Amino acid sequence: MKLAIEEHLKCDEYPRVGVVVAKSGEVLATGHRGETRSVHAERVALRKLTDDEIQGATVFTTLEPCVELHEGQEIKSCAQLLIDSGVNEVVIGVLDPNGTIYSQGYRKLLENNINVSFFNRKLRAAVEEETFEFGDIHKVHGCGKRRIPVVHSGTELEVQFSEKDERIINIKWATLQPAHGCVDLSSNNGAVRVASGARNFGDISDPMIFRFPSHFARMNKGMVAIVKPANTTFYVLIQLVEIFENDIIFKWEVRNDN
Ligand SMILES: [Zn+2]
């Protein structure tokens, strides 16, 4: 697992992926994303071995193997490649937060009788920090725009005032309903206000103009909400930019509460 992490740190493109193929405690091959241009790390590593060598091997990969994203895909997905190669076990660092892949690579391996386990918690944290361009997907600061998956019980985020100012407001995205074009934004009791009529953050001079604070807001595309829990000295403006099948794009901006 540590070797796979060393491999993924060699990547200069995101998401970083490192792979180690081992058998009977011996490392047979390594690979990382970018080692061969536009070839996924699993394939890079397996290509270095003969079919016989791969039989019964264990593959350590820092990121969940990809699955076919559309019918008749030209290049076989890494999950399929692993299944066809005859490996016995796959040890995964983290599941791919990309909503179109999330947990599907894992499930596909299991369904095809591959043993699957995961890196331990500490190593998972190390992988997560370095895998994605935007670092920890559960933390943002200042202002910006981000695409995040909203799956299962929801996605929690810490909005930190700035890199140096560690004041934090917690928000959560949940209950994504692409068919209805909405998703729920929530925070503490009475912290969330819908900025009715506002089309962008510049339209909002004083957040307290907007009434009826609640613990959540059902957001449609373009809507702006304000999150200000009691006893906080700043607030966050949130706008829902886009809704996809498993992901959303939102913008945020922190402001001091003067
Ligand atoms: Zn892949």
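This is a walk through the model in your viewer, one selection at a time.

**Before you click**

You're looking at a predicted model, where local features need pLDDT of at least 70, side-chain atom pairs count only at pLDDT 80 or more, and totals for chains, interfaces and linings use all residues. Residue numbers start from 1 along each chain as its sequence is written.

**Whole chain**

Start zoomed out. The C-alpha trace spans about 70 × 40 × 30 Å along its principal axes. Turn on the cartoon and you'll find 6 helices and 15 strands; helices (H or I, at least four residues) and strands (E, at least two) are DSSP runs, numbered from the N terminus. Of the 258 residues, 37% are buried. Buried here means 20 or more other C-beta atoms within 10 Å of a residue's own, exposed means 12 or fewer, and partly exposed is in between, with C-beta atoms placed from the backbone.

**Two domains**

Colour 2–131 as domain 1 and 139–256 as domain 2; these bounds come from an automatic or database domain assignment. Their C-alpha centres lie 34 Å apart. Where they meet, 5 residues of domain 1 are in contact with 5 residues of domain 2 (contact: C-beta atoms, placed from the backbone, within 7 Å).

For one distance to try across the chain, pick Gln-104 and Leu-176: they are 72 residues apart in sequence and 18 Å apart in space, C-alpha to C-alpha.

**The largest core**

Next, select Ala-225, Val-227, Val-236 and Ile-248. These have the most contacts inside the largest nonpolar core, which has 33 residues. A nonpolar core is a set of buried Ala, Val, Leu, Ile, Met, Phe, Trp, Tyr and Cys residues joined through C-beta atoms within 7 Å. Strands that each supply at least two residues include E8 (155–160), E9 (168–177) and E13 (224–227). Which strand gives the most to this core? That's E14, with 6 residues.

Now centre on Val-227. Leaving out residues up to four places away in sequence, Val-227 touches Ile-169, Ile-171, Ser-187, Ala-191, Val-192, Tyr-235, Val-236 and Ile-238. Apart from this core lies another, of 31 residues, among them Ile-5, Val-19, Val-59 and Phe-60.

**Helices H4 and H5**

Select helix H4, residues 78–85, and show side chains: Cys-78, Ala-79 and Leu-82 are buried. Look down the axis of H4 and these buried residues fall within an arc of 110 degrees, so they line one face of the helix. (The arc is that of the directions from the helix axis to the C-beta atoms.) Covering them are, among others, helix H2 (41–46), strand E3 (58–63), strand E4 (89–94) and helix H5 (104–111). Just after H4, stop at Gly-86, which has a positive phi of about 90 degrees.

Move on to H5. Its buried residues are Gln-104, Gly-105, Tyr-106, Lys-108 and Leu-109. Why does Gln-104 count as buried? Because Gln-104 has 20 C-beta neighbours inside 10 Å. The cover over the buried residues of H5 includes H4, E4 and strand E5 (115–118). Just past H5 is Asn-113, with a positive phi of about 60 degrees.

**Strands E1, E2 and E3**

Show backbone atoms for strands E1 (18–23) and E2 (26–32). E1 and E2 run antiparallel, joined by 6 bridges; strands pair if DSSP finds at least two bridges between them. Val-20 stands opposite Thr-30 in E2. The two strands make a hairpin with 2 residues between them. Is Ser-24, in that loop, buried or exposed? Ser-24 is exposed, with 8 other C-beta atoms within 10 Å.

On to E3: E1 also pairs with E3, antiparallel over 4 bridges, and Val-21 stands opposite Val-59.

**Backbone oddities**

Most residues other than glycine have a negative phi, and most peptide bonds are trans. Here are some exceptions to click on:

- Tyr-14 to Pro-15: the peptide bond is cis, with omega near -5 degrees. Pro-15 sits in the loop between helix H1 (2–8) and strand E1.
- Ser-24: phi is positive, about 50 degrees, although this is not a glycine.
- Phe-212: phi is positive, near 60 degrees. Phe-212 lies in the loop between E11 and E12 and is exposed, with 10 other C-beta atoms within 10 Å.

Note on methods:
Two residues are in contact if their C-beta atoms, placed from the backbone, lie within 7 Å.
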